[in-house]
Structures are given as structure tokens and as C-alpha cells.
Amino acid sequence: MNALFLDRDGVLNVLRRNDYVKCPDELELLPGVAEALQLLRPHYDLLLVATNQQGIGKGLMTEEDLAAVHRKLQEETRGLIDRIYHCPELEAAGSYYRKPNIGMALRARKDFPGLRLKSCTMVGDSMTDMLFGRRCGMRTVLIGYNSDVATTRPRLVDLHYPTLLDFAKTH
């Protein structure tokens, strides 16, 4: 079984610089995301989100707030996402579940016993996402117009596309 792991902020929805998506009204899907997921769905057994959400650890939002945001994400992506994993801990806590550590991937493998991480792909917009993918043995896809990660750490990035829809159209 294979899966497409997706970061959330900056890949599926607009990244709020120096802020967090704290309620459903603040969630704004990036253009073409629903179409991209529709195109990608036939190529993967699972579509999974793996997202760091330290806004919870900072006390800026609650688990319930995040659940409401993720319900809206599911609605706007037509229910194509199979499961959303998140890590609420602060970066300084060094949580095993916080990317680039692999805890969220191992949790997914536990939830879906046939999942083979080496057959999966990680799509993200940051060095942390690419490290997470590499540490799990996944193919990595960098999304975004900024290619700093691709140029400074080319071994971490297998493919680079401006948007998720651009990546989806190559399948």
C-alpha cells in the first residue's frame, strides 16, 4: 500500500506568515488544490496530511479549533483526504511526532498496516518536510516558487513544482 503524504500549510492552504490557521474562517485553500487531489487520488491508496501545529502548544488555539479547521479542509477537498495527522508540541519540545522526526509516518503505518513507507511520496514546502520524507525513505516533492531548499540541499528533493496542481498534472 502506498500513500501520498502532504504537508498542509503552503501546500494545501495559504501559509499565514508568522501566524497560524486558528479557526475555519482563516483556512484558505490554494488555487487548484481540490482538482490536484482529484488527479492524484487514482495513483495512491491513501492521501494523508502530516502537519506540525505548534499553535496549540503556544496556546493560540485548541485541539477543538484544529479539528474544526480540518473538518473544513475535508469539506473543501471533497473528502479526498483519508486521514490528517498533526503534532501540537512546540518545536523546542523535540517531539518524536514533530516533523522532521518520523512519528507521524509511523502512526500512519500503525493505522494502515499494509502501508510501505518506501513506496510513499512526501509533498511539502519546507526543508523540514523534505527531511521527514527522506528519513522515512520516501520520494520527496518540493512545492513552491522558492527553490532555496532544492538548490541548497538538492539530495533532499527528488522533484520540484510551483504548485500541487503542477505536480498532479505530471501523473
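Asp 82 is partly exposed, at a relative accessible area of 33%; partly exposed lies between buried, under 20% relative accessible area, and exposed, over 50% (1.4 Å probe, protein chains only). The model is predicted, so local features need pLDDT of at least 70 and side-chain atom pairs count only at pLDDT 80 or more, while totals for chains, interfaces and linings use all residues. Residues are numbered from 1 along each chain as its sequence is written, and side-chain values use heavy atoms, with hydrogens and water left out.

**Salt bridges**

Side chains of opposite charge can pair when their charged atoms come close. A salt bridge here is a side-chain nitrogen of Lys or Arg within 4 Å of a carboxyl oxygen of Asp or Glu. The whole structure holds 11 salt bridges. The table gives some of them.

| Pair | N to O distance |
|---|---|
| Arg 8 and Asp 9 | 2.9 Å |
| Arg 41 and Asp 82 | 2.9 Å |
| Arg 16 and Glu 26 | 3.7 Å |

Asp 82 is the partner of Arg 41. Arg 41 lies in the loop between α1 and β2 (46–52) and Asp 82 in the loop between α3 (63–76) and β3 (83–87), so their salt bridge ties together parts that are 41 residues apart in sequence. Helices (H or I, at least four residues) and strands (E, at least two) are DSSP runs, numbered from the N terminus. Arg 41 is partly exposed, with 22% relative accessible area.

Salt bridges with shared partners join Arg 16, Asp 19, Lys 22 and Glu 26 into one network. Within this network, Arg 16 is partly exposed at 28% relative accessibility.

In the pair of Arg 8 and Asp 9, Arg 8 is buried at 0% relative accessible area. Asp 9 is buried too, with a value of 16%.

**The largest pocket**

Rolling a probe the size of a water molecule over the atoms shows where empty space is left. On a 1 Å grid over the protein atoms alone, a pocket is an open set of points where a 1.4 Å probe fits, with protein on both sides within 12 Å along at least five of seven lines; lining residues have an atom within 4 Å of a point.

The volume of the largest pocket is about 1100 Å³, counted as the space filled by probe spheres set on the points, which are joined across faces, edges and corners. Its lining has 44 residues, and those closest to the centre are Asp 7, Asp 9, Leu 15, Asp 125 and Ser 126. At least two lining residues come from each of β2, α5 (127–135), β5 (139–143), α6 (148–152) and α7 (164–168).
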